[in-house]
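Reader: Hello! I have a model open on my screen and would love a close look at one part of it, with some of the surroundings for context.

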Amino acid sequence: MAARTGGGGSLQVKVVLLGEGCVGKTSIVLRYVQNQFNDKHIQTLQASFLQKNLTINRRRLCLNIWDTAGQERYHALGPIYYRDSHAAIVVYDITDEDSFTKAKNWVRELRKMLGDSCVLVIVGNKSDLEKNKVIQEKDAQEYAASVGAKHFYTSAKQNKGIEEMFLDLSKRLLEKEGNNSNPSSTNPSSTRRPGGITVTDDSIRTDRPSGGGGGGGGGCCG
Amino acid sequence: MASEWSNRLDNPDLRCKNKCGFYGNPMYQGYCSKCYKEVVSHEGKPSKTPAPVAKGQESDAGAEGLGFAKFTRRKTLFNSAKGHGKIFKAPLKIRPNSNSGAQPSQEEEPSKSAKTRRSSDSFNEFMKTLKKPAAQDIVQHLKSFKRQIVEKSPTATIEELSDLVQEFYRSTSERLVTHPLFKTMSDLEQEETMDGIEKHLTTSIYRYVFAPPSCDDDIKDLLFVRRINMLHWLEPSILDVTLDLSNIEVQGIVAQARQELWNVETRKAPQDKLNCITKSCKLLLDALRISHGGPASADEFVPGLIFLVIHTSPQHLQSNINYITRFSNPMRVMSGECGYYFTNLCGAVTFIESISADKLKMSVEDFNNKMGYVNGKTDADLLIEEYDDEEMVENMTIIESCCEAVEKINERLQEMSNETDVMMSRLDELKTGVREQVQSVLSGPPPQSLYKKKLSPVVSKASHLPTSTPSPQISPRVPHYVRPPLPVNPMTSSGTYYPPPTNRMANYQQPMPQAPYYPGPPGYVPRPGSYVPPPGAHAPPVRSYFPPPNFPFPPPGAHVPPPAAIGVPPPAVSGSHTLVPGTDGSRSRTQSSPNITHTSSPPPLMRFN
């Protein structure tokens, strides 16, 4: 479960985005990675897999953000996606009670499958629609605290709370990683190679043209 | 003199203009041959050096120089159309408008071949590195490991092999860090070296570890393809696929994505397979983006991928997924872009396997009808049962019957070899018997006649044979036309004079078989319809040509006239009567044959049985 250290000292972490369809998972991540919010994201080819490089206290971090399908029929595929993930962002819509119930389901499943090893964030999106809010902040905060998660309000439309949410997530990831000083030694049975792939910089990663990624090197940030 | 030479050699004008230290040549415009090549290629002139080519990978694509790029591209296009046409025709047929696929593929081709060249470059670099003497220990390690896998593959389970390979990756990457040759390299280069090792290893052990008979990957493949075939009625709208399939551009990109998914089966190394999956997914995302004018999120991508898999129906998708999971470097599968798309593909496969009425938001009856389920069986077990019942059992019975047949053949072979042994020993016995006989004859009484000598041992030997296999052929049957040679006049000829045979020969012979039937003198052909001896009847012995020894005494058991009549010519000789009892009416001809003239020979009508 420990994050792998990249070749350039960059920590590779897998962050999985969970939540019901139409709660704004994709908008949040697009806003964060590329700082855009549009009905038509023209420059972006896809928003299902995005990477973001960060430097926090001179430690480098590469967030691999995995978007998942929110439709109910794909709910059963969840474990395939969040297996081995280091962090999970469970998103709900503050104007939709049902989405909060779904979020609770996701959290329960995550805790069941991954235990406490996963850094968990619960996000109430669409905070700009304050007047239609049906999920009370107190309930949400209490629930988050009860499952060991942090709760944030975000608005992808107004770009509120997103940076903070990801920054907090990254800090917690680094803290966690600091506790496990040497990930490969803590898990000797793991067959993962200690050497990572990447030399990362903090420039915003944009999507590579289709067909050009991956390469023979199989790099993820390369 | 010497200093004059060295002065001339030290003349800087003779040196390469590039100041590389080597001598230049006016033919190369004052450069040395190496620098000339580099300078010329930098100037963009057609270079004669062929671009490095990956082994077995689109070798024709990279074989031409830069000046032939256009030609190469066309050739690649042609080859891909020719080579994959047959394979991809069937799945591509599902597309209503397949000719639209050609247009975008031409646009896509240059970047594709460039990519191929790049990856082949890195692999070539790796192979070059391996040739260095310092890397020999790595090469030896790799070779011995390959041998180990090949040796273990028939007995070990696939999980054991997978563990071995993963352990090998781990130990090798640790070794690279401290290796004198590789430790100076950057992390990226080490990474590429590991990729090269992985590619080299998996390609060489591919046929031992891809869907081996010890696991049931191939059955999973069959079931999966069967499942997909049952889902042929799935419309994109049922799955919430947002692909705009009426758009020609989208159609073309989807066709390419489908082709990339097929290409997974043609690649051997896990990373190449993963690259195909990644390419396919990216093309699909591109098609989705065009379809609704924005970046595709996972909400659109996952249904799209399921649709793509169903309509591509790759034959060995399960085997490929398992192979990648087992033998790829885990880093690649678990993280990064490749990992994401691979995970999505696994998800799509899982979804297809577990597709059901409620997931498609349709009624159970409707779903059952469309899936062809009868008797209310909605389970995927039906598929397995079906396979168990029909094809599996059938195949198993065929295999069993084949095994039985092989066993039988083995038994018979064993029997045959046993019999051959017995026969050989009998032959030996016979040989020694013959030799003994010959010896005994030679050392025994004086020789009687040449032909007897030759014949008698064989004849008499027949009685020595073990009687386990009754062989009527061995009975002393000598053709009647064998006659004794005429006595040679001892006064005129050098030959030995043999006295005419006497009854003493009976010592060396079996008791003379009774001559039941005399076929007539040599050359006598019985008329059609006349009596022909049965096949078991004894031919007359050699001496029967002479007055038979027992003539005129009939053999025991013969139908003879009462003793009082002995000496009286039998009535048959007179031709007016028959000796044959009336029980044998079929030979009625003899009953009224008065014109028998062979009065000097045994009566032809005498029959003893």
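Is B:Ile310 buried or exposed, and how many other C-beta atoms lie within 10 Å? Please take your time and walk me outwards from there.

Author: Happy to! Please keep in mind that this is a predicted model. B:Ile310 is buried: 21 other C-beta atoms lie within 10 Å, and the cut-off for calling a residue buried is 20 or more.

Let's place the residue before going further. B:Ile310 belongs to helix α12 of chain B, which covers residues 298–312. Leaving aside residues up to four places away in sequence, the residues it touches are B:Ile228, B:Leu231, B:Leu234 and B:Ile352. Another residue to find on your screen is B:Val225, which is 85 residues from B:Ile310 along the chain, yet their C-alpha atoms are separated by 8.9 Å.

Some of these names lead to other helices. B:Ile352 falls in helix α15 of chain B, which spans residues 336–353. That helix has 18 residues and reaches 26 Å from its first C-alpha to its last, close to the 26 Å expected at 1.5 Å a residue. Of those 18 residues, 14 are buried, so α15(B) is largely enclosed by the rest of the structure.

B:Val225 and B:Ile228 take us to helix α9 of chain B, residues 217–230. Here a helix pair is worth a look. Two packed helices are described by the angle between their axes and by the distance between those axes. For α9(B) and helix α13 of chain B (residues 317–327), the angle is about 135° and the axes are 7 Å apart. The two helices are therefore oblique to each other. On the α9(B) side, the contact is made by B:Asp217, B:Asp218, B:Lys220, B:Asp221 and B:Phe224. The α13(B) side contributes B:Leu317, B:Gln318, B:Ser319 and B:Asn322. Sorted by character, the residues of this contact comprise two nonpolar, three polar and four charged.

If you follow the chain onwards from α9(B), you come to the loop between α9 and α10 (248–263) of chain B, where B:Asp240 lies. Most residues other than glycine have a negative phi. B:Asp240, although not a glycine, has a positive phi of about 60°. B:Asp240 is also buried, with 20 other C-beta atoms within 10 Å.

Now for the chain as a whole. Chain B holds 19 helices and zero strands. Of its 609 residues, 25% count as buried, and B:Ile310 is one of the buried residues. Among the contacts in chain B with a separation of 6 or more, 65% are between residues 24 or more positions apart.

Chain A makes a useful companion to this picture. Chain A contains six helices and seven strands, arranged along the sequence as β-β-α-β-β-α-β-α-β-α-β-α-α. It has 222 residues, and 49% of them are buried. Residues 24 or more positions apart supply 74% of the contacts in chain A with a separation of 6 or more.

A good place to look in chain A is strand β4, residues 59–67, which is mostly covered, with eight of its nine residues buried. Strand β2 of chain A (residues 11–19) runs parallel to β4(A) and is joined to it by seven bridges; in this pairing A:Val15 stands opposite A:Ile65. Strand β3 of chain A (residues 49–56) runs antiparallel to β4(A), with eight bridges between them, and A:Ile56 stands opposite A:Arg59. The hairpin of β3(A) and β4(A) has two residues between the strands, and A:Asn57 there takes a positive phi near 50°.

Chain A also has a loop residue to set beside B:Asp240. A:Lys126 is found in the loop between β6 (119–125) and α4 (137–146) of chain A. Its phi is positive, near 65°, in a residue other than glycine. A:Lys126 counts as buried, with 25 C-beta neighbours inside 10 Å.

Key
Residues numbered from 1 in each chain as written. Chains lettered and ligands numbered in written order. Predicted model: local features only at pLDDT ≥ 70, side-chain atom pairs only at ≥ 80, totals over all residues. Axes fitted to C-alpha atoms, helices over the stretch in contact; angles between N-to-C directions. Helix = DSSP H or I, 4+ residues; strand = E, 2+ residues; numbered from the N terminus. Parallel < 35°, antiparallel > 145°, perpendicular 65-115°, else oblique. Contact = placed C-beta atoms within 7 Å. Nonpolar A, V, L, I, M, F, W, Y, C, P; charged D, E, K, R; others polar. Expected span 1.5 Å × (residues − 1). Buried ≥ 20, exposed ≤ 12 C-beta atoms within 10 Å, placed from the backbone. Pairing = 2+ DSSP bridges.
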